[in-house]
Every structure is written in structure tokens, then in C-alpha cells.
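Work through the exercises below with the sequence and model open. Each task is followed by a stepwise solution.

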Amino acid sequence: MGAGLFSVVGTLLLPGLAMLVQDWRLLQGLNALVTGFLLLFWGFPALFPESPCWLLATGQVTQAGRILWHFAEASGLDPDDSSSEENSLATELAALSAGNPQPQYHSILGLLHTRVTWRNGLILGFSSLIGGGIRASFLHRLAPGEPAFYLPYFLEAGLEAAATVLLFLTADRCGRRPVLLLGTMAAGLASLLLLAGAQYLPGWTTLSLSVLGLLASQAVSVLSVLFAAEAFPTVIRGAGLGLVLGAGFLGRAAAPLTDIRGRHGFFLQDVVFTSLAILILLCVLLLRGCPPQDHLPLLLPSHSG
């Protein structure tokens with residue numbers, strides 16, 4: 001969620017940067033330059049070390065030990081100290097590295113061999129897809145006709161910030177699944193009411209339902225990613241999280257259909273996403289925490305829970 005807040009801040013600052021630059025080519029070049037800094041994560045392993053948890057889960061004990069020792073030195077601790085805590089860590093690492101175990105890498109297809117984790121991943125990817133796709137319908141009703149150029153942009157960014165802050169306050173206190181269930185319920189109900197009676201509802205009701213639906217859909221998207229980061233096993237967490245994020249961006253790709261005026265495209269999009277929002281509400285009820293049998297590393301089908 002912290003990364004989500006940084007994304008919102010960048011979204012809100014982008015129009016100001018565009019006004020300063022006054023040239024879309026230069027703006028695109030600046031965006032590409034900033035994005036290029038992400039290569040530091042790959043090109044400088046000493047600056048951005050690999051996760052020791054992932055290294056241990058994949059059997060790379062030696063690399064994990066080096067990074068843990070580096071963390072200890074950076075924290076002002078002496079790794080060669082004879083205290084019990086350091087000795088315990090050294091003993092455990094030595095026991096794990098006995099026999100020179102070979103690294104064991106796992107494919108995302110390994111999820112097919114687990115009963116709970118693959119189902120959770122499928123449901124979370126589906127909810128991310130719907131959360132990203134249905135928001136265009138709410139945004140279209142918030143800014144009908146020909147709005148100011150930046151109005152839909154700031155509406156979406158502002159409500160995304162509000163949804164992220166709301167999740168900060170509720171996700172840990174109330175639990176991931178209840179909040180996700182409430183978000184999908186609010187988004188589905190708001191979409192259903194707007195689809196069934198938008199032409200009969202007063203303007204303030206349509207506006208309120210659109211704000212509620214957009215806020216709920218933003219919360220569903222963010223919480224689906226957060227839930228996925230906790231539900232996927234460590235050895236394939238990056239790949240699984242990428243699939244859930246990709247599903248959300250795929251849903252956003254349906255937004256241009258809202259520009260089809262005077263045709264059946266926009267209405268059909270509303271019907272499809274409203275139906276899927278009701279369906280995902282039922283699917284969220286099937287989300288479960290990973291039992292002990294589904295813990296790392298990935299197990300064979302006969303042992304998965």
C-alpha cells in the first residue's frame with residue numbers, strides 16, 4: 001500500500017510536470033529516464049540485495065548468509081561476536097548448507113500442484129481484473145459529456161488515494177477478506193443500481209453511487225494485490241504478484257470502450273462488468289488462508305491441502 005501511495009503522488013504530480021515541460025516528447029523522455037532507474041534493482045545487487053527469505057526458500061543458503069551478515073554489519077553488529085543470537089544464526093545456516101544443497105527454482109505453474117494457493121491466486125487475479133475494468137463505468141458517470149481535460153484524471157487519482165488511506169485504516173484491523181468482500185459488495189451493488197435505474201435516479205444519487213463504486217473498485221484493486229503478496233508462496237511470489245497486477249492493467253484496457261457514444265458498446269461493457277462483479281462477490285467467499293500443508297516449499301499434489 002505504501003507503493004500505491006507513491007503511485008498516487010506521482011499521478012497527481014504528473015499534470016504539473018506536463019505544464020512545466022510543455023512538450024510531450026520531452027515529457028515522455030523524462031518518464032522513460034525515471035523508469036530506467038528501476039534497472040538499478042537488477043544491475044546493482046549490492047545496492048539492492050536479494051531477499052534472504054527467498055534465497056533460503058530456494059536453497060541458496062550461501063548467498064542468504066552473505067546478505068544476512070551484510071545486514072548485521074550495516075546495523076552496527078559484529079557478525080563474529082560470540083553472543084548466542086549470532087551463534088544460533090550461524091549454526092542454523094551451517095546446518096542448512098550441509099551437503100552443499102543445490103538451488104531449487106520453482107515455476108509459477110507449480111501453483112497447479114496446490115489446492116488452496118492456486119484458487120486464491122485465481123480469485124485475486126479475477127478481482128483485480130474486475131476492479132480495474134469496472135472503474136471506467138463509474139468514472140464515465142462522474143464526468144459525463146465533455147468534461148475538462150484533467151477532471152476525470154484527478155477524480156480517479158484522488159479516489160485512489162482515498163481508497164489507499166481507507167485500507168491503511170481498516171485492512172489490518174478488520175482483516176483482508178472481510179474488507180475485500182465489503183469492497184466487491186459495494187462496487188457490485190453500486191454498478192447494479194446505476195445499470196438498472198440511472199435514468200430514473202436523481203442526479204445526487206447517481207453521483208453518490210458513482211463515487212462509492214469508484215472508491216470501492218479502487219480499494220478492490222489495491223487490496224487484491226496486497227492479499228496476493230501474502231497468499232503466494234515465497235518462491236514464486238514475484239511471478240504470482242505480477243500476474244495479479246497484469247490482470248488489473250488488463251481490466252483497465254477496457255476503458256476506451258466508454259468513449260463509444262450512441263452505440264451498444266458502453267452498455268454492454270456495463271452489463272458484463274456488473275455481472276462479473278456479482279460473480280466475484282461469491283468467489284471472494286471462497287478465499288482461504290494457506291493451511292500448514294501449503295507452506296513453503298511447494299509440495300507435491302499428494303501432500304497439498
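Does Gln-22 count as exposed or buried, and at what relative accessibility? At 63% relative accessibility, Gln-22 counts as exposed. Here buried means under 20% relative accessible area, exposed over 50%, and partly exposed in between (1.4 Å probe, protein chains only).

This is a predicted model: local features need pLDDT of at least 70, side-chain atom pairs count only at pLDDT 80 or more, and totals for chains, interfaces and linings use all residues. Residues are numbered from 1 along each chain as its sequence is written, and side-chain values use heavy atoms, with hydrogens and water left out.

**Exercise 1. Place Gln-22 in the chain and check its backbone.**

Step 1: Gln-22 sits in the loop between helix 1 (2-21) and helix 2 (24-36). Helices (H or I, at least four residues) and strands (E, at least two) are DSSP runs, numbered from the N terminus.
Step 2: Its phi is near 65°, a positive value in a residue other than glycine.

**Exercise 2. Describe the chain as a whole.**

Step 1: Count the elements. The protein chain has 12 helices and 0 strands.
Step 2: Check burial. Of its 305 residues, 36% count as buried.
Step 3: Check contact range, where contact means heavy atoms within 4.5 Å. Among contacts between residues at least 6 apart in sequence, 74% join residues at least 24 apart.

**Exercise 3. Find the cavity and name its walls.**

Step 1: Fix the term. On a 1 Å grid over the protein atoms alone, a cavity is a set of points where a 1.4 Å probe fits but cannot get out; lining residues have an atom within 4 Å of a point. Grid points are joined across faces, edges and corners, and a volume is the space filled by probe spheres set on the points.
Step 2: Count. The structure holds 1 cavity of 30 Å³ or more. The largest cavity has a volume of about 50 Å³.
Step 3: List the lining. Ser-127, Ile-130, Gly-131 and Ile-134 are among the lining residues, as are Thr-184, Ala-187, Ser-217, Val-220, Ala-277 and Ile-280.
Step 4: Assign the helices. Helix 7 (117-142), helix 9 (176-197), helix 10 (203-231) and helix 12 (265-284) each supply at least two lining residues. Helix 7 gives the most, with 4 residues.

**Exercise 4. Examine two buried residues.**

Step 1: Take Gly-131, in helix 7. Gly-131 is buried, with a relative accessible area of 3%. Leaving aside neighbours within four places in sequence, Gly-131 is in contact with Ser-217, Val-220 and Ser-221.
Step 2: Check a distance. The C-alpha atoms of Gly-131 and Phe-273 are separated by 9.1 Å, although the two are 142 residues apart along the chain.
Step 3: Take Thr-274, in helix 12. Thr-274 is buried, at 2% relative accessible area. Not counting residues up to four places away in sequence, Thr-274 touches Ser-191, Leu-192 and Leu-195.

**Exercise 5. Map the nonpolar cores.**

Step 1: Fix the term. A nonpolar core is a set of buried Ala, Val, Leu, Ile, Met, Phe, Trp, Tyr and Cys residues joined through side-chain atoms within 4.5 Å.
Step 2: Find the largest. The largest nonpolar core has 25 residues; those with the most contacts inside it are Leu-124, Leu-167, Leu-180, Leu-223, Phe-227 and Leu-287. Helix 10 provides the largest share of this core, 9 residues.
Step 3: Look for another. A second, separate core of 13 residues includes Ile-130, Leu-214, Ala-254 and Ala-277.

Technical notes: 1 Å grid on protein atoms, 1.4 Å probe; cavity = no way out; pocket = protein on both sides within 12 Å on 5 of 7 lines; lining within 4 Å.
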